[in-house]
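Let us walk through this structure together, one part at a time. Please keep the sequence and the 3D view at hand as you read.

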Amino acid sequence: MIAENTKKLRKPKPWKHNQPITRTHLKQMRDEFWDTAPHYGGQNEIWDALRAAAEADINLAQAIVDSAGIIITNADMTLCYDERGAKYELPKYVLSEPTNLIRDS
């Protein structure tokens, strides 16, 4: 059963990094975020589910979030809660690519 507070996920709005960024640098930023995220609180299983959802296509992401019992406050997944009320904030760079992504040279 789907709870009343379940939002349909959608891709984040286009965004721009403060300077042009390569795919390699973006991947480093993402890895660093996911490596340190559990230290900010919340449950490791929820962080793992959020990472899997962030890296999946939107339909699979929806299934992952629903099955993990994650409460989506912002439809682009930038703000989520678990069933215990712990808060999970995801930066845009782990959810989508910036408009000023440049090729690695």
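Glutamine 43 touches Asp82, Arg84 and Tyr88, leaving aside residues up to four places away in sequence; contact here means heavy atoms within 4.5 Å. You will find glutamine 43 in the loop between H1 and H2. Its side chain is joined to that of aspartate 82 by a polar contact of 3.0 Å. A polar contact is a pair of N or O atoms within 3.5 Å; within protein, one must be able to donate a hydrogen and the other to accept it, and residues adjacent in sequence count only if both atoms are side-chain atoms.

A word on what you are looking at: this is a predicted model, in which local features need pLDDT of at least 70 and side-chain atom pairs count only at pLDDT 80 or more, while totals for chains, interfaces and linings use all residues. Residues are numbered from 1 along each chain as its sequence is written, and side-chain values use heavy atoms, with hydrogens and water left out.

Now follow the chain into helix H2, residues 44-55 (helices, H or I with at least four residues, and strands, E with at least two, are DSSP runs numbered from the N terminus). The expected span of a helix is 1.5 Å times one less than its number of residues. For the twelve residues of H2 that gives 16 Å, and the end C-alpha atoms are 17 Å apart, which agrees.

Which residues of H2 are buried? They are Ile46, Trp47, Ala49, Leu50, Ala53 and Ala54. These buried residues cover an arc of only 160° around the axis, which puts them on the same side of H2; the arc is that of the directions from the helix axis to the C-beta atoms. Buried means under 20% relative accessible area, exposed over 50%, and partly exposed in between (1.4 Å probe, protein chains only). On the face turned away from the buried side, H2 carries the exposed residues Glu45, Asp48 and Glu55. The cover over the buried residues of H2 includes helix H1 (23-36), helix H3 (58-68), strand S3 (79-81), strand S4 (87-89) and helix H4 (92-95).

Helix H3 can be read in a similar way. Its buried residues are Ala61, Gln62, Ile64 and Val65. Seen down the axis of H3, they fall within an arc of 165°, so they line one face of the helix. Exposed Asn59 and Ser67 sit on the face turned away from that buried side. H2 and strand S2 (71-72) are among the parts that cover the buried residues of H3. At the N-terminal end, aspartate 57 caps H3, with a side-chain oxygen 2.9 Å from the backbone nitrogen of asparagine 59. After H3 comes glycine 69, whose phi is positive, near 70°.

Finally, turn to the charged pairs. How many salt bridges does a search of the whole structure find? There are five, a salt bridge being a side-chain nitrogen of Lys or Arg within 4 Å of a carboxyl oxygen of Asp or Glu. One of them joins the side chains of glutamate 97 and arginine 23 (2.3 Å, N to O). Glutamate 97 lies in the loop between H4 and strand S5 (101-102) and arginine 23 in helix H1, so the pair ties together parts that are 74 residues apart in sequence. Another salt bridge brings together the side chains of aspartate 31 and arginine 51 (3.3 Å, N to O). This pair links distant parts of the chain, with aspartate 31 in helix H1 and arginine 51 in helix H2, 20 residues apart.
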